[in-house]
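User: I'd like a close look at one part of this structure, and then a walk outward from there. Here is what I have in front of me.

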Amino acid sequence: MTEFASQEKVVGVKQSRKAIREGRAKQVYLACDADPAITEPLAGSCAGAGIPVERTCTMSQLGQACGITVGAAVVAVLG
């Protein structure tokens, strides 16, 4: 499990989508238990942009790693 506290990141679908579109995302984490209707379009955008995608964490784990009290479907680490 990657700890995100010291990394520049965005949390959530809208912010992550924007970071991917603008070429600012260097790694994207998609929650394995999130709704595929939400995550699959982002996975496709990442594939098209050559951004690596990790799918081993749950929404709860991603939220905890980001220091938030709710789950997160998507986290994009910026580079």
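Is arginine 55 buried, partly exposed or exposed? Please take that residue and its salt bridge as the starting point, then tell me about the surroundings.

Analyst: Happy to, keeping in mind that this is a predicted model. Arginine 55 counts as partly exposed, because its relative accessibility is 38% and the partly exposed class runs between the 20% and 50% cut-offs.

Now for its partner. Arginine 55 forms a salt bridge with glutamate 40, and the closest N and O atoms are 3.0 Å apart. This pair ties together distant parts of the chain: arginine 55 sits in the loop between β3 (53-54) and α3 (59-65), while glutamate 40 belongs to helix α2 (residues 36-49), 15 residues apart. Glutamate 40 has a relative accessible area of 40%, so this residue is partly exposed too.

The structure holds two salt bridges. The other pairing brings together the side chains of glutamate 22 and arginine 24, at 2.9 Å from N to O. Glutamate 22 comes out as partly exposed because its relative accessible area is 43%. Arginine 24, with 32%, is partly exposed as well.

Back to arginine 55, which has a buried residue to follow inward. Leucine 30 touches Arg55, along with Val53, Glu54 and Cys57, among others. Leucine 30 lies in strand β2 (residues 25-30) and is buried, with just 1% relative accessible area. Its contacts also include Leu42, Ala43, Leu62 and Val74, once residues up to four places away in sequence are set aside. As for a longer jump along the chain, leucine 30 and alanine 76 are 46 residues apart in sequence, yet their C-alpha atoms are 8.7 Å apart in space.

Leucine 30 also leads into helix α2, since Thr39 is one of the residues it touches. Threonine 39 is in helix α2, the helix that also carries glutamate 40. The neighbours in sequence fare differently: threonine 39 is buried at 3% relative accessibility, whereas glutamate 40 is partly exposed at 40%. Beyond residues up to four places away, threonine 39 touches Leu30, Ala31, Ala34 and Ala73.

From there, move on to strand β4 (residues 74-78), where valine 77 has its place. Valine 77 is buried, with a relative accessible area of 2%. Its C-alpha is 5.2 Å from that of glutamine 27, although the two are 50 residues apart in sequence. Leaving aside neighbours within four places, valine 77 is in contact with a stretch of residues that includes Arg24, Ala25, Lys26, Gln27 and Tyr29. Arg24 in that list is the salt-bridge partner of glutamate 22. On top of that, valine 77 contacts Phe4, Gln7, Glu8 and Lys9.

Last stop: helix α1 (residues 13-21), home of serine 16. At 0% relative accessibility, serine 16 counts as buried. It touches Val10, Val74, Val75 and Ala76, not counting residues up to four places away in sequence. Lysine 18 lies in helix α1 too, but this residue is partly exposed, with a relative accessible area of 41%. Lys18 gathers with Lys14, Arg17 and Arg21 in a patch of positive charge on the surface.

Key
Residues are numbered from 1 along each chain as its sequence is written. This is a predicted model: local features need pLDDT of at least 70, side-chain atom pairs count only at pLDDT 80 or more; totals for chains, interfaces and linings use all residues. Side-chain values use heavy atoms; hydrogens and water are left out. A salt bridge is a side-chain nitrogen of Lys or Arg within 4 Å of a carboxyl oxygen of Asp or Glu. Buried means under 20% relative accessible area, exposed over 50%, partly exposed in between (1.4 Å probe, protein chains only). Helices (H or I, at least four residues) and strands (E, at least two) are DSSP runs, numbered from the N terminus. Contact means heavy atoms within 4.5 Å. Patches are made of residues with over 30% relative accessible area and no salt bridge: like charges are joined within 9 Å, nonpolar side chains (Val, Leu, Ile, Met, Phe, Trp, Tyr) within 5 Å. Accessible areas come from the Shrake-Rupley method with a 1.4 Å probe; for residues, only the protein chains shown count as cover. Lys and Arg count as positive and Asp and Glu as negative; His and the chain ends are not counted. The place of a charge is taken as NZ of Lys, CZ of Arg, CG of Asp or CD of Glu.
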